[in-house]
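Colleague: I am new to reading models like this one. Please choose a single part, look at it closely with me, and explain the terms as you go.

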Amino acid sequence: MGAITSAELNFLVFRYLQESGFVHAAFTLGYEAGIHKGVIDGNVVPPGALITIVQKGLQYIELEANTDENDEEVEKDFALLEPLEIITKDVEELQQIVKKRKRERLQIDRDKDKGKEKECIEEYEQRLADERERERHDREKGQEREKDRIERDRVQEKEKEREKQHIDRIDKFKNEEDSLASGGPTPMDVSTTPHEIFSADVTVLEGHSSEVFACAWSPAGSILASGSGDSTARIWTIPDGPCGSTQPSPASVHVLKHFKGRTNEKSKDVTTLDWNGEGTQLATGSYDGQARIWSRDGELKQTLFKHKGPIFSLKWNRKGDFLLSGSVDKTAIVWDTKTWECKQQFEFHSAPTLDVDWRNNSSFATCSTDNMIYVCKIGDPRPVKTFSGHQSEVNAIKWDPTGSLLASCSDDWTAKIWSLKQDKCVYDFKEHTKQEIYTIRWSPTGPGTNNPNQQLLLASASFDSSIKLWEVEQGHLLYSLAGHRQPVYSVSFSPNGEYLASGSLDQSLHIWSVKEGKILKTFRGSGGIFEVCWNKEGSKIAACFSNNTVCVMDFRM
């Protein structure tokens with residue numbers, strides 16, 4: 001191999017200075033080195049030649065450092081050294097550095113393989129790597145939820161076998177039912193024998209290509225919305241007549257795409273949705289931090305940009321003049337639905353906002369992974385009330401029908417009821433067994449509702465597989481409903497308050513008698529259930545599943 005001469009090196013440096021704009025330095029070097037007297041033809045020297053030669057030299061040294069007498073071949077991607085290391089260390093030292101970093105990289109690759117199921121949440125958390133240390137807890141929470149979601153595949157296989165065993169035991173359970181159905185607030189046993197809802201009596205809505213996380217009936221007409229991890233929401237028109245006879249034709253489905261072109265981005269997962277009171281507009285929240293407003297015909301009307309993280313909760317107020325959103329960016333925003341401008345952004349939490357709920361048309365509550373609950377009012381720069389008492393993340397909050405009591409549930413295994421009249425909680429329910437409580441719902445009963453003669457109840461659903469029904473006048477546990485075998489993600493009262501639907505990762509939807517505390521009907525699907533909801537008339541129930549489907553069934557007693 002020929003060695004480079006000093007004249008050639010001087011010319012390369014001269015050209016580098018010229019190309020870099022150092023005109024005076026280039027002139028001085030050219031004059032003192034006698035570049036103009038040389039025989040080098042500048043036309044054959046390509047631009048950036050000095051940089052190219054230096055880079056190739058560094059690559060050669062690194063290639064040499066990556067190769068030893070035991071290596072049969074060099075890895076294609078051997079960039080394990082920094083340029084400064086290559087310049088300042090000899091080959092033997094560099095070989096030791098390379099060996100050490102190869103071991104480190106191998107360990108990192110193994111760790112990555114173990115954590116592939118957490119991919120979706122980690123993608124977002126990497127983008128927030130410069131956030132403060134206290135946001136780490138939110139990432140861990142999201143990873144645990146993702147684990148539960150992914151585990152559904154394992155659950156499916158186990159539950160198929162359990163279903164067979166359940167069918168074999170049905171005759172035996174019929175004889176035990178009378179003895180288990182004694183009145184009073186005694187926990188229900190899984191052996192209660194309900195009437196099965198068969199697949200032939202269920203309309204299965206297919207079209208989503210990923211898990212369906214949310215569903216909601218329109219207040220007007222037989223229209224159902226669903227939101228999925230496939231970056232779409234869908235608006236289905238459910239035909240009149242019994243379910244199970246026909247699936248809606250393609251023309252009765254509107255696909256609400258949250259991406260442009262063919263891209264199916266995970267960052268566009270539809271995480272939450274809500275109809276306005278008239279059923280004319282649907283709001284959807286997405287993992288990309290944008291809220292979108294759609295007509296009931298699936299036309300995109302507005303896209304709301306201001307949040308800097310996924311939106312986990314989205315609610316219209318009763319009047320319909322404001323929309324409220326809560327985000328991982330720690331804030332809540334009230335949007336003016338006349339102009340679709342941000343009316344006010346509330347920045348009180350120190351960690352991601354998980355849920356929001358209107359108290360009336362101008363005030364609302366927010367909860368967060370920072371364990372705090374704030375009651376806010378449009379126009380006020382500070383919270384009008386602060387509730388601190390939970391010892392871990394607050395997953396959900398709900399005002400009772402009159403807006404006088406606020407219920408909350410947390411990873412600290414408790415549900416609490418709060419009043420604006422006092423700082424400490426009114427009731428602290430601790431009967432769930434060492435598992436986080438995922439959601440809560442008030443019954444549509446009591447003063448100020450369409451069912452004023454029935455007592456007001458609160459339902460709490462937990463990862464301990466149980467549902468608790470509480471009466472809130474005295475704060476007593478009314479029933480412990482133990483019909484599920486896996487975490488319960490959703491509960492929903494019927495419009496008349498007499499029935500409660502529940503959905504679980506055990507792939508079962510149960511319909512309970514609120515009065516008797518027992519299962520009346522059961523539908524067993526083929527995937528974990530993320531949400532259940534009743535239509536306005538209380539005649540149909542919808543459930544969204546981890547197997548990419550939405551199921552609709554009739555309810556008659």
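Modeller: Let us look at one sheet and its surroundings, and then follow the theme of charged pairs.

A word first on what you are looking at: this is a predicted model, with residues numbered from 1 along each chain as its sequence is written. Local features need pLDDT of at least 70 and side-chain atom pairs count only at pLDDT 80 or more, while totals for chains, interfaces and linings use all residues, and side-chain values use heavy atoms, with hydrogens and water left out.

Our part is an open sheet of four strands, in the order β15-β16-β17-β18, with antiparallel pairing. β15 (353-358) and β18 (385-388) are the edge strands; each has a single partner strand, so one side of each is left without a neighbour in the sheet. On average, and ignoring direction, neighbouring strands of this sheet are turned by 15° against each other. For such angles, axes are lines fitted to C-alpha atoms (for helices, over the stretch in contact), and the angles run from 0 to 180 degrees between N-to-C directions. The strand names come from DSSP: helices are H or I runs of at least four residues, strands are E runs of at least two, and both are numbered from the N terminus. Two strands pair if DSSP finds at least two bridges between them.

Start at the edge. β15 runs antiparallel to β16 (residues 363-368), and five bridges join them. Across this pair, Trp 358 stands opposite Phe 364 in β16.

Now move along to the loop between β16 and β17 (372-377), where you will find Asn 371. Its phi is near 75°, a positive value in a residue other than glycine. Asn 371 counts as partly exposed because its relative accessible area is 22%; buried means under 20%, exposed over 50%, and partly exposed in between (1.4 Å probe, protein chains only). For another example of this kind, try Lys 434, which has a positive phi of about 50° although it is not a glycine. Lys 434 is in the loop between β22 (427-429) and β23 (437-442), and counts as exposed at 62% relative accessibility.

Next come the charged pairs. Side chains of opposite charge can pair when their charged atoms come close. Here, a salt bridge is a side-chain nitrogen of Lys or Arg within 4 Å of a carboxyl oxygen of Asp or Glu. Lys 315, Asp 355, Asp 357 and Lys 398 are linked in a network of such bridges. The structure holds 13 salt bridges.

Here are some pairs to find on your screen. In the bridge between Asp 428 and Lys 416, the closest N and O atoms are 2.7 Å apart. This pair links distant parts of the chain, with Asp 428 in strand β22 and Lys 416 in strand β21 (residues 415-419), 12 residues apart. Asp 428 is partly exposed at 32% relative accessibility, whereas Lys 416 is buried at 5%.

Lys 540 and Asp 554 also meet in a salt bridge (2.7 Å, N to O). They too join distant parts of the chain: Lys 540 lies in strand β32 (residues 540-545) and Asp 554 in strand β33 (residues 550-554), 14 residues apart. Both of these residues are buried.

Finally, look at Lys 301 and Glu 299, whose side chains meet in a salt bridge (3.5 Å, N to O). Lys 301 is partly exposed, with a relative accessible area of 40%, and Glu 299 is partly exposed as well, at 45%.
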